[in-house]
Amino acid sequence: MAKTFTSTINVNNLLKFREAFYNDAKNVLAQNACSRVSPTEVSTSRNRVQECHHYYTNKIECEGKPVTNQRSSGRCWIFACLNVIRVPFIKHFNLEEFEFSQAHVFFWDKIERSNYFLNAIVQTAKRGETVDDRTTACLLSKPVEDGGQWDMLVNIITKYGLMPKKNFPESFSCETSNTLNVILNSKLREFAIILHKLVSDNATDNEIKTKIEEQMEIIYRIIGICLGIPPATFEWNYYDKSKVFNTIGPITPLDFYEKHVKPLFDVAEKVCLVSDPRPDNQYGKLYTLDMLNNMAGARKVLYNNQPIEVLIKAAQESIVNRGEPVWYGCQVSKRFSDKLGLEDLKIHDYQLVFGTEISIPMTKAQRMLYGESAMTHAMVLTGVNVDNGAPNKWRVENSWGEDRGDKGYLMMTTEWFKEYVFEVVVDRSLLSEEVLAVFQQEPQVLPIWDPMGTLA
């Protein structure tokens, strides 16, 4: 039996720590400041702020208006996607401003994701897993949540289409989604108990399918009450920049996407590249995750793992050569000046304030392995600054309203990109045959709890 290791806090050491703290006047000054305002504000480097400017050598021709706001919800991946799609749409229809309905995508994602969870519970039960097994435990920890990945967006849009926001606007539970999620998760866990019993009692697949359909009627009712139910058909009336009145419809959301959006932006032609530098996850390989999706029987969540330089090059070419913005996933909170809208490794001088560096001493791979880094947010790249042939900073469209950064736009340095960006979505035409060939591989399956399983 291995000896138990214990390192207790020594009272004499505490006295030494206290004496050392107060013998350094800088600690007292930092304490005075950090006890009144956020440590990140105290750590913000004035010199670095003066060096960061929202100017770029290349910007897409038409940035979408208005600046969007996901409010108190985790729908960044939906907002970022629709913000990318609206750019060619606004240009084609000669519009001053436009938003697709985020609520429409959100509604159908909640429906499909609830059904996916119920299916996943059955599948894990049929694999012989109990509620104590790690995969099932992960599923039960968050039956549904707001975040998502690009392939999940493709699943929803290609099945349910899109519609203008005016035809299905926001509701309270769209903008403040926590209560809806709590209600849904409680009900889905209750349903999981029933499904587990059916499997253990050797119920037939048809009996289980019938039960899931009964459960989904209840789920549909809850979601419909909270979010509203998207119309089966709609009529879009709008004025273009010339003040000419136009109308489209009545039309279904799917036909609207197929006829009026897909020719301008085909979501299925965009592919997701990730950069996961962990030693066990090789570059040039295709990955997916066990039991991570939002739609039963649909497109898998696929990750084409490439060096970060490949992602940077593809993003730059998308903006410069195609004039097309780029959906990307990152860990937004690290080295991020919220109010100023700056994502920059040098924006916070933690060494000065705390006498030690924070996070940066670890490599990107180490941060992933030890729980320090994962994808948490999706945004849009709309500009890049190229200096001596290489990009050094990027213009970022966020979905938190106009109060942060440059009227809602952030600035991200390429050095920050290398450390905290995990994925980009670009048109497949920008990629080499070698990179595209990876999508033909049989994907290696990562467990649901893997860091790459976090949802933007």
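**View A. The second largest pocket of the predicted model.** This pocket holds about 280 Å³ of space. Its lining is made of 15 residues. Closest to the centre are E97, F98, E99, K166 and Y238. By class, the lining splits into seven nonpolar, one polar and seven charged residues.

**View B. The largest pocket.** The volume here is about 380 Å³. The lining counts 20 residues. C138, K142, E145, L292 and I448 lie nearest the centre of the largest pocket. Twelve lining residues are nonpolar, four are polar and four are charged. Two helices are named as contributors: helix 6 (102–126) and helix 7 (134–141). Each of them supplies at least two residues of the lining.

**View C. Helix 6, from its cap to the glycine that follows.** At the N-terminal end, S101 acts as the cap of helix 6. A side-chain oxygen of S101 lies 3.5 Å from the backbone nitrogen of A103. Helix 6 has 25 residues, which should span 36 Å at 1.5 Å a residue. The end C-alpha atoms are 36 Å apart, so the model agrees with that expectation. How many of the 25 residues of helix 6 are buried? The count is 22, so helix 6 is largely enclosed by the rest of the structure. Just after the helix, G128 takes a positive phi of about 90°.

**View D. I223 and its surroundings in helix 11.** I223 sits in helix 11, which covers residues 205–227. Is I223 buried or exposed? Its relative accessibility is 0%, so I223 counts as buried; the cut-off for buried is under 20%. Leaving aside residues up to four places away in sequence, I223 touches F107, K110, I111, S114, L184 and G228. A30 gives a long-range reference point: its C-alpha atom and that of I223 are separated by 48 Å. Along the chain, I223 and A30 are 193 residues apart.

**View E. D290 in a loop between two strands.** The loop that holds D290 runs between strand 5 (285–289) and strand 6 (303–305). Which side chain does D290 join in a polar contact of 3.0 Å? The partner is R127. Residues up to four places away in sequence are again not counted in the contact list of D290. That list contains R127, T135, V445, L446, P447 and I448. I448 is also one of the residues nearest the centre of the largest pocket.

**View F. The one cavity of 30 Å³ or more.** The structure holds one cavity that reaches this size. Its volume is about 30 Å³. Which residues line the largest cavity? They are V84, W150, F265, K270, E324, P325, W327 and V425. By class, six residues of this lining are nonpolar, none is polar and two are charged.

**View G. Helix 1, hardly covered.** Helix 1 takes in residues 11–23, 13 residues in total. From first C-alpha to last, helix 1 reaches 19 Å. That is close to the 18 Å expected at 1.5 Å a residue. The number of buried residues in helix 1 is zero. At the start of the helix, N10 reaches in with a side-chain oxygen. This oxygen comes to within 2.7 Å of the backbone nitrogen of N12.

Conventions
Residues are numbered from 1 along each chain as its sequence is written. This is a predicted model: local features need pLDDT of at least 70, side-chain atom pairs count only at pLDDT 80 or more; totals for chains, interfaces and linings use all residues. Side-chain values use heavy atoms; hydrogens and water are left out. On a 1 Å grid over the protein atoms alone, a cavity is a set of points where a 1.4 Å probe fits but cannot get out, and a pocket is an open set with protein on both sides within 12 Å along at least five of seven lines; lining residues have an atom within 4 Å of a point. Grid points are joined across faces, edges and corners, and a volume is the space filled by probe spheres set on the points. Helices (H or I, at least four residues) and strands (E, at least two) are DSSP runs, numbered from the N terminus. Ala, Val, Leu, Ile, Met, Phe, Trp, Tyr, Cys and Pro count as nonpolar, Asp, Glu, Lys and Arg as charged, and the others, Gly among them, as polar. Buried means under 20% relative accessible area, exposed over 50%, partly exposed in between (1.4 Å probe, protein chains only). Contact means heavy atoms within 4.5 Å. The expected span of a helix is 1.5 Å times one less than its number of residues. A polar contact is a pair of N or O atoms within 3.5 Å; within protein, one must be able to donate a hydrogen and the other to accept it, and residues adjacent in sequence count only if both atoms are side-chain atoms.
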